[in-house]
Amino acid sequence: MDLASRDHDHMRRALRLAARGRGRVSPNPMVGAVIIDAAGQVVGEGYHHQIGGPHAEAYALQEAGEHARGATLYCTLEPCTVAGRTPPCADAVISAGIRRLVCALADPDERVCGSGFQLLREAGIDVDIGVGAGAGATLIDAYLHHRRSGRALMTLKLGQTLDGRIATRDGLSRWITGEAARRHAHRWRSWVDGLMVGAGTVLADDPALTVRHVRGRDPRPIVIDGRLRCALSAKVFRGREPILVTAASTPLARRQQFIDGGVEVWDCPDEDGVIDLGHVATRCGAAGMTQVIVEGGRTLAAAALGDGAIDDVMIYIAPRFLGGDAIAGIGDLKIETLDVTPRLAGVHSKRLGEDLLVTGKVVG
C-alpha cells in the first residue's frame, strides 16, 4: 500500500473516532486523532469526549507515550494553539516529538486559523493538509458554519406525507412517519444544541421537546412567540434551559413573568410582532449553539425560509397521502415566480423503514 492510501486509511479511522463525540462537545468541534509509529503500527488514538475535557491529541499522545517520538499524527482538525480549559495541543505535539502531521482541515476559529500549522512547521514537523477534507467538513459542518458566520446552523426538520402534509385538517399528526424515522429524528435531537418551535405548535400540541426513543441529552427548547401568546405552564418551559424569543414591543411585565419562572427571554427587534429569524440564528450562535433544529409549525417554517435563516433541511417522507384539506408542512412563502424559490443542493436520500429521509443544503 502506498503512502497516500495509508494516509487515507488512518484518517478514516481518526474520523470514526471523532464521531464518537457527537452531541457531547459543542460548541467545540468533534476531533479524532491517531498516532502511527515508523513501523506502521497504531501506538495511540483518541477523540474529544466532552466539552471541557482533554482534546483528541492529548488522549492519543498520552496513550502513545514515548512511542510518539518520530511518529506520524493523523488529526481531523488543526491542533489548537491557545490555552483554554485545556493546554494548547500544538505545544503538546511538539513536545512529544511527532515527526509528521497529516490533518484533514484547518480550524477557521480566529484564535487558531493556521497558527497551529505554522507553529508545527517552525518546530521542524512535516505538515500535510487536506487528507479526508470532504468527510471531515461534513462531520463538523455545524462547527465550521458557526465559526465562519457567527450563526448557528439552522436545520428545518419536517415529517410529512408524499403530498407534503404534516397533519390532517383536524390537526392529527401521530404518527405520519414510522418508528425508524422517529428514532432517527430523536437521535438528531440528542446531537444538536437547540430545538425551535413556534407559538402555534406550543398552543396546539403542548410538546415537551425532549429526547425519546434513544438515549441522549435534551436540546435547549426555543419558542418563537412574537406576541407572547404562550403560557408559562406549557411543558416546553419545564425543559432544559428553555428560551423564549419574543418581540421587544411586548409588555415588560409579561416578559418578567417568564424570567421569574426560570425561562431565558430574548427580546428581539420586530415589525408588528414579527421577528427576523436571521437575527435569532445569530443570537443562537452568540449563545454558543452550533446547530438548531427548526421543527414546527408551518408558519415558523415559512418565516424561517423567507428570512433566509434555514441552512439545510431534513424531510422525513411517509408513503401516504392526506389530500388538499390537510395541513401543509410549510406555510405561504409568497412566491410568485419560480426563479426565486428556495431550492436544495447536495441532495441525499436514505431509507428508514418504509419512510424516506431527504436532506440537502438550502440555496437561493
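**Exercise 1.** Does Arg 227 count as buried or exposed, and at what relative accessibility?

*Solution.* The structure is a predicted model, in which local features need pLDDT of at least 70 and side-chain atom pairs count only at pLDDT 80 or more, while totals for chains, interfaces and linings use all residues. Residues are numbered from 1 along each chain as its sequence is written, and side-chain values use heavy atoms, with hydrogens and water left out.

Step 1. Apply the cut-offs: buried means under 20% relative accessible area, exposed over 50%, and partly exposed in between (1.4 Å probe, protein chains only).
Step 2. Arg 227 has 51% relative accessibility, so Arg 227 counts as exposed.
Step 3. Turn to its salt-bridge partner, Asp 272. At 63%, Asp 272 counts as exposed.

**Exercise 2.** Identify the parts of the chain that the salt bridge between Arg 217 and Asp 193 ties together.

*Solution.* Step 1. A salt bridge requires a side-chain nitrogen of Lys or Arg within 4 Å of a carboxyl oxygen of Asp or Glu. In this pair, the closest N and O atoms are 3.5 Å apart.
Step 2. Arg 217 lies in the loop between α8 and β9, and Asp 193 in the loop between α7 and β8, so the pair ties together parts that are 24 residues apart in sequence. Helices (H or I, at least four residues) and strands (E, at least two) are DSSP runs, numbered from the N terminus.
Step 3. Compare the accessibility classes: Arg 217 is partly exposed at 30%, whereas Asp 193 is buried at 7%.

**Exercise 3.** Describe the surroundings of strand β15 in the sheet.

*Solution.* Step 1. Locate the strand. The open sheet has nine strands in the order β11-β10-β9-β8-β14-β6-β15-β18-β17, with mixed pairing. Two strands pair if DSSP finds at least two bridges between them.
Step 2. Examine both neighbours. β6 and β15 are parallel, with seven bridges; Gly 159 stands opposite Tyr 316 of β15. β15 and β18 run antiparallel and are joined by six bridges, and Asp 312 has Lys 361 in β18 as its bridge partner.
Step 3. Consider the side chains. In a regular strand they alternate between the two faces of the sheet. Asp 312, Met 314, Tyr 316 and Ala 318 point one way from β15, while Val 313, Ile 315 and Ile 317 point the other way.
Step 4. State the burial: seven of the seven residues of β15 are buried.
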